[in-house]
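Reader: I have a structure to look at and no idea where to start. Can you walk me through it?

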Amino acid sequence: MFRRLHEAARPVLRFRLDGEPVEGREGDSVAAALLALGRDACRETAVSGAARGGYCMMGVCFDCLVVIDGTGNRQACLVPLREGMLVETQHGRREPGR
Amino acid sequence: MTREYDVAVLGGGLMGAAIGYGMVRLGRRTAILDEGDLAFRASRGNFSLVWVQSKGMGMPAYSAWTRRSAAVWPDFAAALKQESGVDCALDQPGGFTLLLSEAEMERRAAFLARLHAQPGFERYPYEMWDRARVRQVFPGIGPDVVGASYCPLDGHLNALRAFRASHLAFAARGGDYFPEHPVETMEALPGGSFRIVTPKGAFAAAKVVLAAGTGNARLGPMLSLAAPVRPQRGQALVTEKASPFLTHPVVTLRQTDEGGIMMGDSQEEAGFDTSLGLGVLAVMARRAARMFPEIGRLNVVRTWSALRVMTKDGFPIYQQSEAAPGAFLCNCHSGVTLAAAHALLLAPMIDAGALDEGLLGAFTTRRFDVSAAA
């Protein structure tokens, strides 16, 4: 489980994770916010359905894929968290049109 | 030391592997002599269709040969799975050509009518579908789709797995594969066998099959076989894996068994240049997104190009050398569609020492022996 180093320093951002209201901090990437919430796994792989979560945190490994505001397979580590975002687990293959 | 075989197949792409597998099935001691990873390898870049509709304009025999291959693909796929353990995901639900204007619709209908009206053409079922009917199969079509041609004989597969399965099945039956063995020289010996020299040693074989794609242009003349073939570049794109939404292949567009959407149909004369260009890729992607707007939201994860092996008229070459009987030249650009025929129909003909005149008589290079002024 990750712990924040300077929690008090940055304002809270509220967003939804699979429909539940949760909080991150300004300056978080979506992936960082999920890890800080204890969400080690944020997706199921397209082939075997195995659980995966953010790993490289720099846009290379594609293991932090999530659905953000209705668009699937977004790299959570490359998307800055914003107030009111709708973040969902990526269940396997992306659905076309989403 | 000279290694001796019944059959030497030059070229280890899908064609060479399919013919090689066909030969070991018949109990022949077979070697496949291949180049290395730097070889131009259409078998690793193709579009993976098993496609019948629209083939054979100007040569009805090509349509008939294509149909036979599509018909024996299920047997070939089943044999590959049994002998290699690899499922090449053959699926032949029928295929579509989507049409994006009334003019395209009319041209397509006229083309298919002309194709089937050719003397000697073995007709097969196909239909022109209007938009409403297409929509019942593909609810996600865009507003530009006017209709489609449909042929129930068309299909697709995972050609990378078919390629691998062919090699595994060849080896499982005792075939010997020699990578990094490009052929330097080759000669027909008195008595009817062949001597083949590579940088890694010589081979002797009673029969030799030239299945080296564009490499046949260099190899053929060593055995008095002309191979007027050239590379023709095709570019392709594939998206991230998506949940299943295309139930049938569309000629320029298909969803792989693993979920990616493949797009590609460019035909470019660029010699051996395999570079890619955003211009061509963008045109193909845009057309795909007009057919299915949802594709436009997917991420493209890979683009590549490969070189088709193209003859002057676009049809295959199957020819036995007259000066050196036992040497066979084989070239085609639809190595996936025709792989089943190569393994199950062509290999037995090569084994018998004669290509079937009725099935393959039209495919010799004699058809090119017409003076340009005629």
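Author: Start with a definition: two strands pair if DSSP finds at least two bridges between them. Strands (E, at least two residues) and helices (H or I, at least four) are DSSP runs, numbered from the N terminus.

Reader: Is there anything to know about the model and its numbering?

Author: The model is predicted, so local features need pLDDT of at least 70 and side-chain atom pairs count only at pLDDT 80 or more, while totals for chains, interfaces and linings use all residues. Residues are numbered from 1 along each chain as its sequence is written, and chains are lettered from A and ligands numbered from 1 in the order in which they are written.

Reader: What are the ipTM and pTM scores?

Author: The ipTM is 0.81 and the pTM is 0.92. For chain B, the mean pLDDT (the predictor's confidence in each residue, from 0 to 100) is 95, and 99% of the residues reach 70 or more.

Reader: OK, pairing. What do E9(B) and E10(B) form?

Author: A hairpin, with five residues between the two strands. Gly191(B), in the turn, has a positive phi of about 100 degrees. Strand E9 covers residues 185-188 of chain B and strand E10 covers residues 194-198, and they pair in the antiparallel sense over four bridges. Ala188(B) stands opposite Phe194(B) in E10(B).

Reader: What does E10(B) do with E11(B)?

Author: They pair in the antiparallel sense over five bridges. E10(B) and E11(B) form a hairpin too, with two residues between them. Arg195(B) has Ala204(B) in E11(B) as its bridge partner.

Reader: And how many bridges join E11 to strand E1 of chain B?

Author: Eight, and here the strands run parallel: E1 is residues 2-10 and E11 is residues 201-210. Ala8(B) has Val208(B) as its bridge partner in E11(B). E11(B) also pairs in the parallel sense with strand E17 (residues 327-331) of chain B, over three bridges. There, Leu210(B) is partnered by Leu329(B) in E17(B).

Reader: Which residues touch the most others in the largest nonpolar core?

Author: Ala8(B) and Leu210(B) are among them, as are Val209(B) and Cys330(B), in a core of 107 residues. A nonpolar core is a set of buried Ala, Val, Leu, Ile, Met, Phe, Trp, Tyr and Cys residues joined through C-beta atoms within 7 Å. A residue is buried if 20 or more other C-beta atoms lie within 10 Å of its own, exposed if 12 or fewer, and partly exposed in between, with C-beta atoms placed from the backbone.

Reader: What is Val209(B) in contact with?

Author: Leaving aside neighbours within four places in sequence, the contacts of Val209(B) include Val7(B), Ile19(B), Phe328(B) and Ile350(B). Contact means that the C-beta atoms of two residues, placed from the backbone, lie within 7 Å. Apart from the core that holds Val209(B) lies another, of 19 residues, including Val30(A) and Leu81(A).

Reader: That one has chain A residues. How many helices and strands are in chain A?

Author: One helix and seven strands. Along the sequence the pattern is β-β-α-β-β-β-β-β. Chain B has nine helices and 17 strands.

Reader: How much of each chain is buried?

Author: Buried residues are 34% of the 98 in chain A and 47% of the 374 in chain B.

Reader: Which residue in strand E6 of chain A should I look at?

Author: Asn73(A), which lies in strand E6 (residues 71-75). Phi of Asn73(A) is near 55 degrees, a positive value in a residue other than glycine. Most residues other than glycine have a negative phi.

Reader: Is Asn73(A) buried or exposed?

Author: Buried, because 24 other C-beta atoms lie within 10 Å. Ser224(B) also has a positive phi, of about 60 degrees, although it is not a glycine. Ser224(B) counts as exposed, because it has 12 C-beta neighbours inside 10 Å. Ser224(B) is in the loop between helix H6 (216-219) and strand E12 (229-239) of chain B.

Reader: Last one. How many residues does each chain give to the contact?

Author: Chain A gives seven residues and chain B gives eleven. On the chain A side, two are nonpolar, two polar and three charged. Here Ala, Val, Leu, Ile, Met, Phe, Trp, Tyr, Cys and Pro count as nonpolar, Asp, Glu, Lys and Arg as charged, and the others, Gly among them, as polar.
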